[in-house]
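Student: Could we take a close look at a single part of this model, going through it residue by residue? I would like one connected account rather than a list.

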Amino acid sequence: MARRLGAVVDINPDLDLLGVVLFGVNRAARRVSDTARAAITDDLGSPDALFTTAIRHAEAAAQETRDRGYSPTSSN
């Protein structure tokens with residue numbers, strides 16, 4: 001992500017990163033989350049852009065939205 005941002009900023013110098021949100025995180029996968037946070041902090045050089053809140057993965061909720069046709073991956 002840091003490399004992509006660097007490449008895009010060359011094209012549009014007014015672009016700035018507001019922050020990074022972890023998503024698809026299982027609440028029980030603490031080690032995975034911690035490793036991802038450490039890698040992002042290393043890439044960005046600071047933890048300041050990393051939001052503390054993560055968007056967790058909830059398979060039951062995802063399946064329900066697909067069943068109701070709310071997701072672009074649904075067959076409805």
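**A close look at one helix**

Tutor: Arginine 68 is exposed, with a relative accessible area of 53%, and its side chain meets that of glutamate 64 in a salt bridge at 3.0 Å, N to O; glutamate 64 counts as partly exposed at 42% relative accessibility. This pair is one of two salt bridges counted in the model, which is a predicted one, and the other takes us to the part I would examine closely, helix α2, where arginine 30 and aspartate 34 both lie, four residues apart, about one turn of the helix. Their side chains meet at 3.7 Å, N to O, with arginine 30 exposed at a relative accessible area of 54% and aspartate 34 partly exposed at 37%.

Helix α2 itself runs over residues 30-44, and its 15 residues reach 21 Å from the first C-alpha to the last, close to the 21 Å expected at 1.5 Å a residue. Its buried residues are Ser33, Arg37 and Ile40, and, seen down the axis of α2, they fall within an arc of 65°, so they line one face of the helix. An α-helix has 3.6 residues a turn, so residues three or four places apart point the same way. What covers the buried residues of α2 includes β1 (23-25), whereas on the other side of the helix Arg31, Val32, Asp42 and Asp43 are exposed. After α2 comes glycine 45, whose phi is positive, near 85°.

As for confidence, the protein chain averages a pLDDT of 82, and 92% of the residues score at least 70; within the chain, confidence is highest in α2, at 89, and lowest in helix α3 (residues 59-67), at a mean of 80.

Key:
Residues numbered from 1 in each chain as written. Heavy atoms only, no water. Helix = DSSP H or I, 4+ residues; strand = E, 2+ residues; numbered from the N terminus. Expected span 1.5 Å × (residues − 1). Buried < 20%, exposed > 50% of the residue type's maximum accessible area, 1.4 Å probe, protein only. Arc of directions from axis to C-beta. Contact = heavy atoms within 4.5 Å. pLDDT = per-residue confidence, 0-100. Salt bridge = Lys/Arg side-chain N within 4 Å of Asp/Glu carboxyl O.
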